[in-house]
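Reader: I'm used to gels and assays, not coordinates. Could you walk me through how to read a structure, one feature at a time?

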Amino acid sequence: MAGYSEFYFNVDSGYLEGLVRGFKAGILTQADYANLVQCETLEDLKLQLQATDYGSFLASETGSLTVSVIDDKLKEKLVTEFNYFRNHSFQPLTTFLDYITYSYMIDNVILLITGTLRGRPIAELLPKCHPLGSFEQMEAVSIAQTAAELFNAILVDTPLAPFFQDCLSENDIDELNIELMRNKLYKSYLESFYKFCEEQGNTTEEIMCSILAFEADRRAFIITINSFGTELSKEDREELYPTCGKLYPEGLRLLASADSNEQVKATAEYYAEYKALFEGSASDSKDKTLEDNFFEHEVKLNVLAFMNQFHFGVFYAYVKLKEQECRNVVWIAECISQRHRTKIDNYIPIF
């Protein structure tokens with residue numbers, strides 16, 4: 001019955017898909033952002049946000065409003081919505097939603113290890129972790145001295161366990177090994193998520209595999225650019241590239257042998273989608289950075305996910321669009337707070 005699965009999609013997931021499309025209608029528009037950038041204080045920003053779907057989400061904050069408070073409340077609202085989806089979902093949507101949280105878990109583990117390495121107390125680090133990626137064993141992460149110890153003592157019973165197989169080593173955890181661990185975890189995670197979406201077939205496969213392929217290629221480009229001038233060898237660099245993107249295999253081989261930003265750009269020119277992103281970035285501060293162009297392209301892919309029906313991609317797209325919206329609001333709030341209005345328009349609009 002696999003070929004007819006879309007006919008039965010609404011039986012288990014129709015209500016949640018309708019709900020997430022309703023939530024998507026509440027994402028801030030260009031007109032909303034035009035009002036936000038006119039605000040003179042964070043209190044003004046709070047009032048403007050009350051006129052949107054955010055409503056009175058800051059009503060309980062009676063003290064002095066800060067950017068960190070706004071950031072925390074934005075994340076809290078997103079997590080509340082996401083948990084509602086997950087709590088009311090059936091398989092395989094439940095597993096799909098779990099996969100969305102794994103990337104935040106990886107970031108949280110790396111943040112805790114890095115902070116502990118720098119002598120920061122765990123109580124100070126936990127509030128900085130993303131709430132979408134929280135898990136019971138998080139507090140114990142700080143006691144690990146090697147990657148193998150981290151896995152065997154703490155992470156073996158967490159959903160991240162399958163992704164740690166390529167990261168196990170007896171090397172002491174230091175700054176370089178932490179970055180290698182992060183990239184290996186993301187590689188395993190993306191490849192596993194990509195395979196899961198392929199198994200779902202139909203529109204979910206079509207939409208999600210395209211989005212995850214872009215995410216894999218973005219990581220390959222960024223890993224390559226960030227490795228220049230470091231101790232990382234070309235062989236080790238190639239092992240960090242996710243193999244589920246459009247660059248695989250020839251593009252990844254070219255990136256692995258690249259020695260400069262120009263060679264990375266030359267590789268991107270073989271792919272029309274990425275050529276445009278590199279051409280639109282420049283080192284001049286007036287122009288958008290490559291990272292900005294990647295974020296803009298990600299937004300476009302996630303918006304396009306809503307053009308089709310009967311698939312799980314809308315849940316992933318909604319979380320990522322809301323995440324970008326949170327970054328936009330926090331950016332505007334920072335500019336207002338620091339009275340640095342010249343760059344207040346440097347956010348990435350969604351609609």
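Author: Let's start with Asn202, which is found in helix 9. Keep in mind as we go that this is a predicted model.

Reader: What is the sign of phi at Asn202?

Author: Phi there is near 55°, a positive value in a residue other than glycine. Asn202 is partly exposed, as its relative accessible area is 32%. Arg339 also has a phi near 55°, again positive and again not a glycine. You'll find Arg339 in the segment after helix 15, and at 65% relative accessibility it counts as exposed.

Reader: While we're on the backbone, which peptide bonds are cis?

Author: Look at what comes before certain prolines. A cis peptide bond joins Gln91 and Pro92, with omega about 0°. Pro92 sits in the loop between helix 4 (67-87) and helix 5. Another cis bond runs from Tyr248 to Pro249, also with omega near 0°. Pro249 is in the loop between helix 10 (234-239) and helix 11 (250-256).

Reader: On to charges. How do I read a salt bridge?

Author: The general idea goes like this: side chains of opposite charge can pair when their charged atoms come close. A search of this whole structure turns up 16 salt bridges. Take Arg182 and Glu179, whose side chains meet at 3.3 Å, N to O. That counts because the cut-off is 4 Å between the nitrogen and a carboxyl oxygen. Both residues lie in helix 8, three residues apart, or about one turn of the helix.

Reader: Are Arg182 and Glu179 buried or exposed?

Author: In between. Arg182 counts as partly exposed at 22% relative accessibility, and so does Glu179 at 36%. The pair also belongs to a network of salt bridges that links Asp107, Glu179 and Arg182.

Reader: Which salt bridge links distant parts of the chain?

Author: Try Arg218 and Glu298, which meet at 3.4 Å, N to O. Arg218 is in helix 9 (residues 202-227) and Glu298 in helix 14 (residues 290-304), 80 residues apart. Both of these partners are buried. For a local contrast, Lys322 forms a salt bridge with Glu325, the closest N and O atoms being 2.8 Å apart. Those two are three residues apart in helix 15, so about one helical turn separates them. Lys322 and Glu325 are both buried too.

Reader: Now the greasy parts. How many residues are in the largest nonpolar core?

Author: It has 115 residues, and Leu45, Phe96 and Phe193 have the most contacts inside it. Helix 15 (residues 313-337) gives the most to this core, with 14 residues. To get a feel for the packing, click on Leu45: leaving out residues up to four places away in sequence, it touches Leu36, Cys39, Ile70, Ile332, Ala333 and Ile336.

Reader: And how should I look at the aromatic rings?

Author: Check how far apart the ring centres are and how the planes are angled. The count here comes to 25 aromatic pairs. In one of them, Tyr99 and Phe196 have ring centres 5.3 Å apart and planes at 35°, so the pair is tilted. Tyr99 is in helix 5 (residues 93-117) and Phe196 in helix 8 (residues 175-200), so the pair ties together parts 97 residues apart in sequence. Tyr99 is buried at 11% relative accessible area, and Phe196 is buried at 10%. Both rings belong to one aromatic cluster, whose members include Phe9, Phe96, Tyr102 and Phe193.

Reader: Where is Asn328, and what does it touch?

Author: Asn328 is in helix 15, and it's buried, with a relative accessible area of 2%. Beyond residues up to four places away in sequence, it touches Tyr33, Tyr347, Ile348 and Pro349. Its C-alpha is 9.6 Å from that of Ile344, 16 residues apart in sequence.

Reader: Last one: which residues form a nonpolar patch on the surface?

Author: That's Phe7, Tyr8 and Val11, with about 400 Å² of accessible area together. Val11 is in helix 1 (residues 9-24). With a relative accessible area of 64%, Val11 is exposed.

Notes. Residues are numbered from 1 along each chain as its sequence is written. This is a predicted model: local features need pLDDT of at least 70, side-chain atom pairs count only at pLDDT 80 or more; totals for chains, interfaces and linings use all residues. Side-chain values use heavy atoms; hydrogens and water are left out. Patches are made of residues with over 30% relative accessible area and no salt bridge: like charges are joined within 9 Å, nonpolar side chains (Val, Leu, Ile, Met, Phe, Trp, Tyr) within 5 Å. Accessible areas come from the Shrake-Rupley method with a 1.4 Å probe; for residues, only the protein chains shown count as cover. Helices (H or I, at least four residues) and strands (E, at least two) are DSSP runs, numbered from the N terminus. Buried means under 20% relative accessible area, exposed over 50%, partly exposed in between (1.4 Å probe, protein chains only). A nonpolar core is a set of buried Ala, Val, Leu, Ile, Met, Phe, Trp, Tyr and Cys residues joined through side-chain atoms within 4.5 Å. Contact means heavy atoms within 4.5 Å. Rings of Phe, Tyr and Trp (its six-membered ring) pair if their centres lie within 6.5 Å; planes under 30 degrees apart count as stacked, over 60 as edge-to-face and the rest as tilted.
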